[in-house]
Structures are given as C-alpha cells and as structure tokens.
Amino acid sequence: MTGLYGREIRGKIATTSAELADLAIEEAKVAVVPGEAFGTPGYFRMSYALGDDDLIEGVSRLAKLFGEAS
C-alpha cells in the first residue's frame with residue numbers, strides 16, 4: 001500500500017493506509033481495516049468471509065480504484 005502514498009487517486013492524495021481505507025470505502029464501496037489499527041501501517045486487513053463472487057467483485061473494485069493512481 002505504501003506505493004500508493006502521495007499519488008493522486010480520483011482527486012485525492014492519501015499518505016496513510018487509514019486514508020487509503022477511507023478512499024476504498026468512499027470510492028469502491030469496499031471496507032478494509034487500515035494497518036494502523038493493528039500495528040502494521042502500510043497494510044490493510046481484509047475479511048474473506050464472503051462467497052467467491054463477492055470476493056472477486058470487491059478485489060476487482062479495489063484493483064480498478066488503485067490502478068487509477070497517478
């Protein structure tokens with residue numbers, strides 16, 4: 001995730017995984033827990049308690065969002 005710090009994504013620039021997590025929920029409608037919440041900044045914690053189709057959809061949304069970083 002740290003490779004996304006300081007890069008513009010949909011008009012916003014994140015400098016922490018907490019800010020990236022906010023961007024994920026706002027823009028991709030995918031909830032993740034920022035690494036700062038459990039002592040590992042620069043990472044996300046994700047739940048896999050979903051069906052395969054939902055998991056693929058969520059990861060695809062995140063990939064699309066973060067792929068827009070410039």
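Pro-41 touches Tyr-5, Ser-17, Gly-35 and Glu-36, leaving out residues up to four places away in sequence. In this predicted model, Pro-41 sits in the loop that runs between strand E3 (33-34) and strand E4 (44-45). With a relative accessibility of 54%, Pro-41 counts as exposed, since the cut-off for that label is over 50%. Pro-41 and Ala-18 are 23 residues apart along the chain, and their C-alpha atoms are separated by 8.4 Å.

Stepping back to the whole chain, the secondary structure comes to two helices and four strands. Read along the sequence, these follow the pattern β-β-α-β-β-α. The C-alpha trace spans about 35 × 25 × 15 Å along its principal axes. A compact globule with 70 residues would have a radius of gyration near 11 Å, and the protein's 12 Å agrees with that. Links across the sequence show up too: among contacts between residues at least 6 apart, 44% join residues at least 24 apart.

As for what is covered and what is not, 29% of the 70 residues count as buried. The accessible surface comes to about 4,400 Å², and 55% of that belongs to carbon and sulfur atoms.

Next comes the inside of the protein. In soluble globular proteins, nonpolar side chains tend to be buried together. Here, the largest nonpolar core has 15 residues, and those touching the most other members are Ile-9, Leu-20, Val-32, Leu-62 and Phe-66. Helix H1 (17-28) and helix H2 (52-67) are the elements that give two or more residues to this core. H1 gives the most, with five residues. Leu-20 is worth a look of its own: setting aside neighbours within four places in sequence, Leu-20 is in contact with Met-1, Leu-4, Tyr-5, Ile-9, Ala-14, Phe-44 and Phe-66.

Ala-28 also lies in helix H1. Its relative accessible area is 7%, so Ala-28 is buried, the cut-off being under 20%. Apart from neighbours within four places in sequence, Ala-28 is in contact with Leu-23, Arg-61, Leu-62 and Leu-65. Measuring tape in hand, so to speak, a reader can also follow Ala-28 to Arg-7: the two are 21 residues apart along the chain, with 17 Å between their C-alpha atoms.

Helix H2 offers a contrasting case in Ile-56, which has its place there. Ile-56 counts as exposed, with a relative accessibility of 53%. Between the C-alpha atoms of Ile-56 and Glu-8 there are 25 Å, and 48 residues set the pair apart along the chain.

Another isoleucine, Ile-13, is found in strand E2 (residues 12-13). Ile-13 counts as exposed, at 52% relative accessibility. Not counting residues up to four places away in sequence, Ile-13 touches Gly-6, Arg-7, Glu-8 and Glu-19. Glu-57 is another matter: from C-alpha to C-alpha, Ile-13 and Glu-57 are 24 Å apart in space, and they are 44 residues apart in sequence.

Two spots in the backbone deserve a mention. Most residues other than glycine have a negative phi. Arg-10, though, has a phi near 50°, a positive value in a residue other than glycine. Arg-10 is found in the loop between strand E1 (8-9) and E2, and is partly exposed, with a relative accessible area of 34%. Lys-29 is no glycine either, yet has a positive phi of about 60°. Lys-29 is found in the loop between H1 and E3 and, at 58% relative accessibility, counts as exposed.

Finally, there are the rings. The count of aromatic pairs comes to one. A charge also meets a ring in this model: the charged end of Arg-45 sits over the ring of Phe-38, 4.0 Å from its centre.

How values were computed
Residues are numbered from 1 along each chain as its sequence is written. This is a predicted model: local features need pLDDT of at least 70, side-chain atom pairs count only at pLDDT 80 or more; totals for chains, interfaces and linings use all residues. Side-chain values use heavy atoms; hydrogens and water are left out. Rings of Phe, Tyr and Trp (its six-membered ring) pair if their centres lie within 6.5 Å; planes under 30 degrees apart count as stacked, over 60 as edge-to-face and the rest as tilted. A charge sits over a ring if NZ of Lys or CZ of Arg is within 6 Å of the ring centre and within 35 degrees of the ring normal. A nonpolar core is a set of buried Ala, Val, Leu, Ile, Met, Phe, Trp, Tyr and Cys residues joined through side-chain atoms within 4.5 Å. Buried means under 20% relative accessible area, exposed over 50%, partly exposed in between (1.4 Å probe, protein chains only). Contact means heavy atoms within 4.5 Å. The radius of gyration is taken over C-alpha atoms; the globule rule is 2.2 Å times the number of residues to the power 0.38. Accessible areas come from the Shrake-Rupley method with a 1.4 Å probe; for residues, only the protein chains shown count as cover.
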